Amino acid sequence: MDSDQPLFLILFFSATFAAALVAGLAGFAFGLVAAAVWLHILTPLQTATLIIVFGLIVQGYSVWKLRAAVSWYRLWPFLLGAAIGVPIGVAILEWANPSYMRKAIGAVLTLYSIYGLARPTMKPIKGGGAIADGTVGLLNGILGAMTGFAGILVTIWCGLRGWSKDQQRATFQPVGVAIFGMSAIWLGGSGSISTDTIKLFLIGLPVLLIGTWLGLRLYGHLNEAGFRRTVLLLLLVSGVALFL
């Protein structure tokens, strides 16, 4: 579809705004929402590139707004694990069938989300310390490299830890920023960003910022229970999308 056509612009702007709104509200799922439309009007490489670059901006802006809740003591095991996990995930893609992996992970996410929605309260996991957090970060890095879902496992783990909504977002969003940042550097260094993609980035940036700002405003009105339900519902959608 020609990028100058009105229908193209309507679809592109609508998907960008909706994805930014959801990511601003819940702290993740930008790629899930955007790709549902973009893959019908953009090439796979353009879709992946814009998800990474726009995702980096959305996550980075959100982290800045929540910077008072960021704890580097809590965060560093996840970042270290992710840095190790990303290249492992890329290496696994050399021989593994990503379709099978996505279906398996999608099934786990779907079952977990249904269980969490059906059982409102779960006993927080207090043990494991930095080793458990780092292991989750490692697995999250592997999963992010293989599926493009940069913060799914860390998002789940933060909920299981029983942290507040600000503590959760101040943990899984910086991890997403780190993974998106590494991916953006790789794409730029390999020359994968075309002129057309840069044009789409520039025209979509204002819409992205407005959607992110509005999502963060809505986030401020969510209580702990509302945030938990929102995260579980988006994890359920993510799981179904991966499985299908």
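## An all-helix chain in a predicted model

Read from the N terminus, the elements of the chain follow the order α-α-α-α-α-α-α-α-α-α. That order amounts to 10 helices and 0 strands, and the reader should keep in mind that the structure is a predicted model.

Confidence in the prediction can be described for the chain and for its helices. The average pLDDT of the chain is 82, and 88% of the residues score at least 70. Helix α5, which covers residues 98-118, has the lowest confidence in the chain with a mean of 76, whereas α9 has the highest, at 91.

Some overall values come next. Of the 244 residues in the chain, 45% are buried, and the accessible surface comes to about 11900 Å², with 72% of that surface belonging to carbon and sulfur atoms. When contacts between residues at least 6 apart in sequence are considered, 81% of them join residues at least 24 apart.

### Helices α3 and α9

How do the axes of helix α3 and helix α9 cross? The axes of α3 (residues 44-65) and α9 (residues 195-219) come within 10 Å and cross at roughly 35°, and this crossing is right-handed. On the α3 side, the residues that take part include Leu50, Val53, Phe54, Ile57 and Tyr61, and they belong to a set that meets α9 residues including Leu200, Phe201, Leu205, Leu208 and Trp213. Sorted by class, the contact of α3 with α9 has 13 nonpolar, 6 polar and 2 charged residues.

Helix α3 also holds threonine 47. Leaving aside residues up to four places away in sequence, threonine 47 touches Ala35, Trp38, Leu39 and Leu42. Its relative accessible area is 3%, and because this is under 20%, threonine 47 counts as buried.

### Helix α7

Helix α7 runs over residues 152-161 and is mostly covered, since 7 of its 10 residues are buried. The buried residues of α7 are Ile152, Val154, Thr155, Ile156, Trp157, Cys158 and Arg161. Just after α7 comes glycine 162, which takes a positive phi of about 80°.

### Helices α5 and α10

Which residues does threonine 110 touch, not counting residues up to four places away in sequence? Threonine 110, placed in helix α5, touches Leu236, Gly239 and Val240. Valine 108 is found in helix α5 as well, and its C-alpha atom is separated by 7.3 Å from that of glycine 239, although the two residues are 131 residues apart along the chain. Arginine 229 has its place in helix α10, which covers residues 224-243. The C-alpha atoms of arginine 229 and glycine 116 are separated by 8.6 Å, while the residues themselves are 113 residues apart along the chain.

The table sets out how far the residues discussed one by one are covered.

| Residue | Relative accessible area | State |
|---|---|---|
| Threonine 47 | 3% | buried |
| Threonine 110 | 17% | buried |
| Arginine 229 | 47% | partly exposed |
| Valine 108 | 56% | exposed |

Why is valine 108 exposed? Valine 108 has a relative accessible area of 56%, and because exposed means over 50%, valine 108 belongs in that class. Threonine 110, by contrast, is buried because its relative accessible area of 17% lies under 20%. Arginine 229 has a relative accessible area of 47%, which is between those two cut-offs, and is therefore partly exposed.

Notes. Residues are numbered from 1 along each chain as its sequence is written. This is a predicted model: local features need pLDDT of at least 70, side-chain atom pairs count only at pLDDT 80 or more; totals for chains, interfaces and linings use all residues. Side-chain values use heavy atoms; hydrogens and water are left out. Axes are lines fitted to C-alpha atoms, for helices over the stretch in contact, and angles run from 0 to 180 degrees between N-to-C directions. Helices (H or I, at least four residues) and strands (E, at least two) are DSSP runs, numbered from the N terminus. A crossing is left-handed if the near helix is turned anticlockwise from the far one by less than a right angle, and right-handed if clockwise. Contact means heavy atoms within 4.5 Å. Ala, Val, Leu, Ile, Met, Phe, Trp, Tyr, Cys and Pro count as nonpolar, Asp, Glu, Lys and Arg as charged, and the others, Gly among them, as polar. Buried means under 20% relative accessible area, exposed over 50%, partly exposed in between (1.4 Å probe, protein chains only). Accessible areas come from the Shrake-Rupley method with a 1.4 Å probe; for residues, only the protein chains shown count as cover. pLDDT is the predictor's confidence in each residue, from 0 to 100.
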